Amino acid sequence: MFLGVIRRKVVLSASKVRSPIRTPGRYNTSQKEALIYGIGSQHVQSCQYGKFLGSDIYSKAGRDYNVMLRPEYFVRRHRAFSSDNAEGDLVEAVVPFMGESITDGTIAKFLKNPGDTVAVDEAIAQIETDKVTIDVVSPEAGTIQKFIAKEGDTVEPGTKVAVISKSGEGAAQATPLEKSAPPPPAAKESAEKKIPKAESSPGKEKDRKPSTSQDAVQAPSPSRSTSSEPQLPPKDRERRVPMTRLRKRVATRLKDSQNTFALLTTFNEVDMTNLMKLRSDYKDAFVEKHGVKLGLMSGFVKAAVSALQSQPVVNAVIDGDDIIYRDYIDISIAVGTAKGLVVPVVRNAEKMNFAEIEKEISALGKKANEGTISIDDMAGGTFTISNGGVYGSLLSTPIINPPQSAILGMHSIVSRPMVVGGNIVPRPMMYIALTYDHRLIDGREAVFFLRRIKDVVEDPRRLLLDV
């Protein structure tokens with residue numbers, strides 16, 4: 001057995017470990033110390049953490065390797081989420097840690113079937129949470145023997161999902177979703193013989209009378225219906241599908257936004273000629289140097305940063321009776337995926353150039369579409385940009401993403417006749433919209449904010465000269 005002590009510093013990653021104590025017994029930690037203990041370190045199968053600062057610890061033989069750093073609960077933090085049986089051949093794949101603010105999830109689907117061979121860290125199931133989809137992976141290479149949980153179950157971190165045989169033995173039982181096989185014909189016939197047939201009663205036969213034509217006239221026709229009854233579509237033409245956890249979460253947050261904020265939207269239009277020309281002139285050189293395409297989104301992010309710096313109240317938020325002003329700018333980019341809306345965050349956008357913004361947006365968009373985006377990628381954000389123009393939207397009123405105070409809506413670029421220098425000429429125009437919390441932001445600041453975005457997009461040279 002080994003025993004060690006962590007002395008905590010400011011962050012979790014900055015910690016010191018004392019010399020290991022290899023003798024069983026009793027150890028008393030100080031108020032700034034936490035204990036690491038374990039047994040069988042050559043074959044550690046799980047790693048958990050909790051918080052036992054200033055506690056008496058009695059060493060005892062066990063199979064867990066625990067790092068106690070949090071007071072809430074034990075959470076497995078090692079790659080191999082498993083637990084061995086007595087023989088050591090079967091391991092159990094369990095639900096991994098899903099994030100600080102996520103306590104449970106729903107098994108969306110199984111990626112494997114009982115009897116399938118899996119490799120180490122290969123995904124066998126997907127857990128859908130309020131924010132992201134998380135994979136349950138196999139802790140060891142082997143064969144799936146059975147599933148303990150089934151699709152649709154609500155599970156917590158540490159819940160057992162599947163049993164895997166490291167020796168490669170086949171499935172011990174069928175999947176819970178598999179229907180039972182129909183009985184053989186011989187068994188079906190014997191079962192029918194055991195069921196006695198109902199004999200008709202002579203008395204009842206006498207009571208039966210042939211139906212007359214008068215009875216047929218008096219009986220209402222089932223196909224007829226009164227004119228006042230509404231004609232509803234048949235049920236076989238409808239489908240009832242349960243909402244995903246992500247969709248329910250989005251619906252709740254958007255409705256809370258409407259109920260909480262005093263929403264007001266102001267509009268403007270932007271001439272995209274100069275920004276599109278800048279992109280066309282330098283797109284090849286930009287890709288050659290930075291390895292990423294130059295898009296329009298980076299120009300709007302830079303314009304939003306400039307506008308937020310000129311109108312800091314748009315970057316602020318109400319907290320009770322106080323106003324919190326943020327001295328940093330984290331831009332949330334709304335991304336629509338097949339599973340729902342996600343909003344990854346470009347952090348410290350005020351310190352980024354065009355290339356860094358494009359690389360970050362590209363990486364976050366790829367993770368969102370692949371379903372691998374994490375909670376950390378979407379946490380925070382001080383201002384949101386939503387580009388409905390990629391879907392052809394001409395005009396919209398976006399809804400604020402709490403706990404932010406404003407959101408910018410971009411729309412499709414349409415060539416329209418505009419008056420330039422006294423002449424009517426075609427110009428690529430885009431409507432932009434700013435929805436803001438009128439409790440905090442007045443119309444004056446909102447209009448100045450949108451006007452600043454218009455000025456920067458129409459003349460990107462302003463960014464160089466800071467005017």
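Is T129 buried or exposed? T129 counts as buried, at 0% relative accessibility. The legends below begin with the whole chain and return to this residue later. The model is predicted.

**Figure 1. The whole protein has 10 helices and 27 strands.** The protein has 467 residues, and 38% of them count as buried. Take the contacts between residues at least 6 apart in sequence: 63% of these join residues at least 24 apart.

**Figure 2. T129 sits in the loop between β12 and β13.** Strand β12 covers 123-128, and strand β13 covers 133-137. The relative accessibility of T129 is 0%, under the 20% limit, so T129 counts as buried. Neighbours within four places in sequence are left aside here. Beyond them, T129 is in contact with M98, I102, D104, G105, I134, R245 and L246.

**Figure 3. R245 touches T129 and lies in helix α4.** The helix spans residues 245-260. R245 has a relative accessible area of 14% and is buried. Its contacts, not counting residues up to four places away in sequence, are D104, G105, T106, E128, T129 and D130. D104 and G105 are also on the contact list of T129.

**Figure 4. F110 and F147 form a stacked pair.** A search of the whole structure finds two aromatic pairs. In this one, the ring centres are 4.0 Å apart and the planes meet at 20°. Planes under 30 degrees apart count as stacked, so this pair is stacked. F110 belongs to strand β10 (residues 105-110), and F147 to strand β14 (residues 142-147). The two residues are 37 apart in sequence, so the pair ties together separate parts of the chain. Both F110 and F147 are buried.

**Figure 5. F383 and F449 form a tilted pair.** Their ring centres lie 5.4 Å apart, with the planes at 55°. That angle is neither under 30 degrees nor over 60, so the pair is tilted. F383 is in strand β24 (residues 383-387), while F449 is in helix α9 (residues 443-458). The pair links distant parts of the chain, 66 residues apart. F383 is buried, with a relative accessible area of 0%. F449 is buried too, with a relative accessible area of 0%.

**Figure 6. Four strands make an open sheet.** The order is β9-β16-β14-β11, and the pairing is antiparallel. Strands β9 (90-94) and β11 (117-118) are the edges, and each pairs on one side only. Between β14 and β16 (residues 160-165), which run antiparallel, there are four bridges. One residue to look for is T143, whose bridge partner in β16 is S165. Strand β14 also holds F147 of the stacked pair.

**Figure 7. The second largest pocket has a volume of about 550 Å³.** Its lining has 20 residues. Closest to the pocket centre are L278, Y282, F354, P460 and L464. Which helix gives the most to the lining of this pocket? That helix is α5, with nine residues. Helices α5 (273-290), α7 (354-370) and α10 (461-465) each supply at least two residues of the lining. By class, the lining has 10 nonpolar, three polar and seven charged residues.

Notes:
Residues numbered from 1 in each chain as written. Predicted model: local features only at pLDDT ≥ 70, side-chain atom pairs only at ≥ 80, totals over all residues. Heavy atoms only, no water. Phe/Tyr/Trp six-rings, centres within 6.5 Å; stacked < 30°, edge-to-face > 60°. Buried < 20%, exposed > 50% of the residue type's maximum accessible area, 1.4 Å probe, protein only. 1 Å grid on protein atoms, 1.4 Å probe; cavity = no way out; pocket = protein on both sides within 12 Å on 5 of 7 lines; lining within 4 Å. Points joined across faces, edges and corners; volume = space filled by probe spheres on them. Nonpolar A, V, L, I, M, F, W, Y, C, P; charged D, E, K, R; others polar. Pairing = 2+ DSSP bridges. Contact = heavy atoms within 4.5 Å.
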